Amino acid sequence: MIKYAEIFSQKLAELKDSGTYRYFLNVNKSAQHFPVFYFEDAYGEKRRAINFCSNDYLAMSVHEEVISKLAFVANRAGAGSGGTRNISGSTIYHRELEASIASLHQKNAALLFGSAYLANLTALSVIGKILPEVVFISDENNHASIIEGIKASGSAKRIFPHNDLDALERILKSIPVHQPKVIVFESVYSMSGTDAPIVEIVLLAKKYNALTYIDEVHAVGIYGEHGGGLTEQLGIQHGIDIINGTLAKGFGVLGGYIAGDSNFIDAIRSVGAGFIFTTSLPPAICAAATRSIEYLKNDQTIRPAYHQKVSELRNLLKRNNIPFSVNSTHITPIPIGDEKKCKEISDALLYQQGIYIQPIVFPTVKKGEACLRITITSKHENSEMVTLVRALKMVLESFNVRTYSSSKILNKNNSI
């Protein structure tokens, strides 16, 4: 007789023993006090902490205009969409949001999904169905949604070492010029904070007749003159065939999308099961996301101010000899290594210092590469960053985590 419950129990025990079990902290988020939040500890005591691991980079989820738009449209259109896009769930708010996204990325069409994960999964799997001989050429550090999308396509795939242009070109050379091929990569890699050599990849794609598919999830809203991501900042949006993005990070709301040529987008809309059979986003969410995008398109101060905060944080880390992975993006990883130690450090920061930084462990990163991933927001005050650095220094030293002089800070990443 198969003891199913015992099998699952054993698996959970293995995860906990290895330090890779996922614990959730039930955060009582406050729009008024963000990034400060409240939670109850194991004894039911109410505690206060500062969030230093939110992806709400520009704090648009708590922006008054975004919240007001959400409430106004929810009052007029209701809480939900009522169905899939082809069964009553397509509204004027969906259309307006897609138009805003297409304009942001200088494309002639865009398509909404419930999440960027679902957008990647669906789009990549559909490409494999429409181009049955296609070869996907994927960066080894690509997000799980990209990996699953390529797997779902059933197509051939080749993996190249992270940001290795020579290896990428060798793969491209090995594939017949007339065989369809797609280079799939990210602009900002969310765990390491590295950025892709986008211009060089686009040039290789043109040279070898390949399509380009870029995930801009951790760049949209934050980079570019209007928040169009690193492709806009580099002036190369027209060189990218398909752009994937999210509405849930830089824009602070919910949902994902793809943007590109209208024929490609229409094909995904018409064939992709992940789009066809999924209830559409609520109209109020769409309206709030549109307001956020349009606000960030026109505000030319918020992005420079945000990146200045990132620089200030890193200067504080350097002055206190706290090691971090140097990169040119806004993500600041603190390398720890051991999964269990990383969780223990995270707990000490939270319960002893009131600092919340979730541990990043396998399978999000490779085994033995656990880290604390710091992301500040536009709402963090300088005093809060000082509090963070003091707490980090104290806790890391108590766990005997090696510190570095400022000239030896871990630097294994590239820059734009």
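Tutor: In this predicted model, a helix is a DSSP run of H or I with at least four residues, and a strand is a run of E with at least two. With these terms, Asn163 is found in the loop between strand 6 (156-160) and helix 6 (165-174).

Student: What makes Asn163 count as buried or exposed?

Tutor: Buried means under 20% relative accessible area. Asn163 has 16% relative accessibility, so Asn163 counts as buried. Asn163 also has a positive phi of about 60° although it is not a glycine, whereas most residues other than glycine have a negative phi.

Student: How do you know whether Ala59 is buried or exposed?

Tutor: The relative accessible area of Ala59 is 3%, and the cut-off is under 20%; therefore Ala59 is buried. Ala59 lies in the loop between strand 3 (46-51) and helix 2 (64-77), and its phi is positive, about 55°.

Student: Why is helix 3 called roughly parallel or roughly antiparallel to helix 11?

Tutor: The axes of helix 3 (residues 92-104) and helix 11 (residues 283-298) come within 8 Å and cross at roughly 30°. Angles under 35 degrees count as roughly parallel, so helix 3 is roughly parallel to helix 11. The crossing of these helices is left-handed.

Student: How do you know that strand 1 and strand 2 pair?

Tutor: Pairing requires at least two bridges. Two bridges join strand 1 to strand 2 (residues 36-40), so these strands pair, and they run antiparallel. Within strand 2, Phe37 is the bridge partner of Lys29.

Student: What makes strand 1 (28-29) an edge strand?

Tutor: Strand 1 pairs on one side only, as does strand 12 (355-356). The open sheet has the order 1-2-3-12, with mixed pairing.

Note on methods:
Residues are numbered from 1 along each chain as its sequence is written. This is a predicted model: local features need pLDDT of at least 70, side-chain atom pairs count only at pLDDT 80 or more; totals for chains, interfaces and linings use all residues. Side-chain values use heavy atoms; hydrogens and water are left out. Axes are lines fitted to C-alpha atoms, for helices over the stretch in contact, and angles run from 0 to 180 degrees between N-to-C directions. Angles under 35 degrees count as roughly parallel, over 145 as roughly antiparallel, 65 to 115 as roughly perpendicular and the rest as oblique. A crossing is left-handed if the near helix is turned anticlockwise from the far one by less than a right angle, and right-handed if clockwise. Buried means under 20% relative accessible area, exposed over 50%, partly exposed in between (1.4 Å probe, protein chains only).
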